[in-house]
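Visitor: Pick one spot in this model and give me a close look at it, please. I'd also like to know how the rest of the chain is put together.

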Amino acid sequence: MLMTVTTTHRPATDLGYLLVKHPDRMQSFDVPTGTAHVFYPEATEQRCTAALLLDVDPARLAAGGPRRGRRTAAMPESFTLGQYVNDRPYAASSLLAAALAKVFRSALRGESRDRPELPGTALPLTIRVPVLRCRGGAVLAERLFTPLGWTVTARPIPLDERYPQWGDSRYVDLTLTGTLRVADALNHLYVLLPVLDDAKHYWIAPDELDKLIRAGEGWLAGHPERRLITRRYLAHRRVLARRAEDRLAEARAAELRLADADADPGADADPGADEDAGLPAAARPRPLAATRRTAVLAALAEAGATRVLDLGCGGGALLTELLAQPRFTEIVGTDVSARALELAARRLRLDRLPARQQQRVRLWQSALTYRDDRLRGYDAAVLMEVVEHLDPPRLPALAEAVFGHARPGTVLVTTPNVEYNVRYEGLAAGALRHPDHRFEWSRAEFADWAGRVAAAYGYRVGFRPVGQVDPDVGPPTQLAVFTRGDAGSDGSGRDGAGAGGAR
């Protein structure tokens with residue numbers, strides 16, 4: 001099976017630096033199903049083509065088949081010699097994706113030791129897979145690759161050109177053209193070749209989910225065919241596909257929250273302000289983001305917290321203010337989005353901080369709805385403008401992960417007060433403040449949710465207003481202060497339900 005990557009970038013031989021394979025040499029690599037060869041049919045300054053040829057050994061494929069007696073989709077044929085007589089040596093499939101991951105490992109990560117600046121450059125690329133097993137045909141290939149910036153030509157291959165009446169086979173001749181980073185192009189192929197094949201050749205272990213999330217960083221969460229991709233890539237294993245959907249949904253929410261931060265992550269107008277992205281421009285209360293942070297910092301000080309988690313930290317606005325206060329000796333920011341953590345690191349200027357300051361801050365990739373042992377044992381956790389980005393059915397999982405498993409002494413949760421939306425001129429009736437908000441609670445609804453969570457996990461809860469309080473509809477933002485039952489006073493007696501709780 002064959003795949004070629006061609007560029008007309010000048011000099012075109014830069015492709016060798018990006019793939020970390022020298023154009024003047026043929027290189028061979030042993031893979032579980034045979035031997036992968038990389039060579040360059042052409043390599044000039046005007047045009048360069050790299051080819052990946054996978055020579056599949058049918059006997060080795062059969063010998064390395066199902067684990068513990070499990071049957072894989074690679075050999076679905078029911079007849080006795082099906083594991084030897086099949087299309088695997090000839091048609092590109094998930095086997096090619098596995099070989100690609102081993103042979104171009106550095107390229108997939110966007111690394112080039114000799115030219116470290118080059119992987120960030122988008123190049124004119126043409127990728128061709130002459131024979132691709134494609135369950136769903138040319139139409140599905142277009143649906144999967146077109147949203148990623150590719151121009152797709154997927155020509156169905158006839159069963160026999162001499163007998164056109166027999167119709168088309170299940171294979172296509174795929175050509176992709178576009179201007180993309182090589183790392184992005186390879187990650188698209190790594191994920192989507194198995195999806196089009198829809199018959200992965202190995203047993204799907206739980207770590208396949210992590211591989212999918214890693215390869216899909218920055219594009220899969222917002223793909224219109226996300227559900228189909230996750231289901232097929234994970235071989236229709238429902239539990240893994242559901243977990244992938246949860247993590248990708250969180251990643252998509254993080255991407256939308258960071259949309260404004262990409263332009264200037266160090267600017268004073270931070271990603272938190274984008275929580276009001278649904279408001280008319282003239283009505284956006286830019287100071288509200290700063291007011292939220294001030295309220296959170298005050299509550300942390302009252303709680304006496306020194307070791308703090310910022311869960312769903314986004315671009316790092318709160319982390320910056322935590323770092324500026326010496327009282328906080330250990331600060332951890334988590335986000336499901338690796339891009340968000342990169343922005344947070346840039347905002348904090350972690351690479352320029354003195355060693356003592358660097359030791360106070362850690363950034364971890366973590367999903368809010370899954371248990372993470374690293375988050376246990378902290379004084380306080382902050383969920384600032386986060387819960388409203390989750391689908392309501394996922395809120396119990398968040399409560400279990402944060403209140404049940406991590407169990408910090410104090411948990412601070414801020415969220416919009418939907419009642420206050422009527423005070424924003426130009427905001428349509430029933431509209432939410434951010435395009436990715438799944439809901440916005442009234443004060444009574446927030447108090448009900450917080451009360452049930454507190455009772456279920458052994459916390460006490462008090463409520464505080466954030467922003468100017470309207471006598472009729474309350475504050476624009478509401479803050480709940482949860483204190484674990486064995487962690488002392490919750491410090492919220494003066495701010496009880498009368499200050500933003502249920503009426």
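Guide: Helices here are DSSP runs of H or I with at least four residues, strands are E runs of at least two, and both are numbered from the N terminus. On that basis the chain has 15 helices and 14 strands. Keep in mind that this is a predicted model: local features need pLDDT of at least 70, side-chain atom pairs count only at pLDDT 80 or more, and totals for chains, interfaces and linings use all residues. Residues are numbered from 1 along each chain as its sequence is written, and side-chain values use heavy atoms, with hydrogens and water left out.

Our spot is Lys-21, in the loop between helix 1 (14-19) and strand 2 (27-31). Lys-21 is buried (under 20% relative accessible area, 1.4 Å probe, protein chains only), yet this lysine has no salt bridge, meaning no side-chain nitrogen of Lys or Arg within 4 Å of a carboxyl oxygen of Asp or Glu. With Lys and Arg taken as positive and Asp and Glu as negative (His and chain ends not counted), the nearest side chain of opposite charge is Asp-114, 11 Å away.

So what does Lys-21 contact, leaving aside its neighbours within four places in sequence? With contact meaning heavy atoms within 4.5 Å, the list is Gly-16, Gln-27, Phe-29, Val-38, Tyr-40, Val-103 and Phe-104.

Zooming out, buried residues make up 53% of the 503 residues in the chain. Among contacts between residues at least 6 apart in sequence, 71% join residues at least 24 apart.

Technical notes:
Buried means under 20% relative accessible area, exposed over 50%, partly exposed in between (1.4 Å probe, protein chains only).
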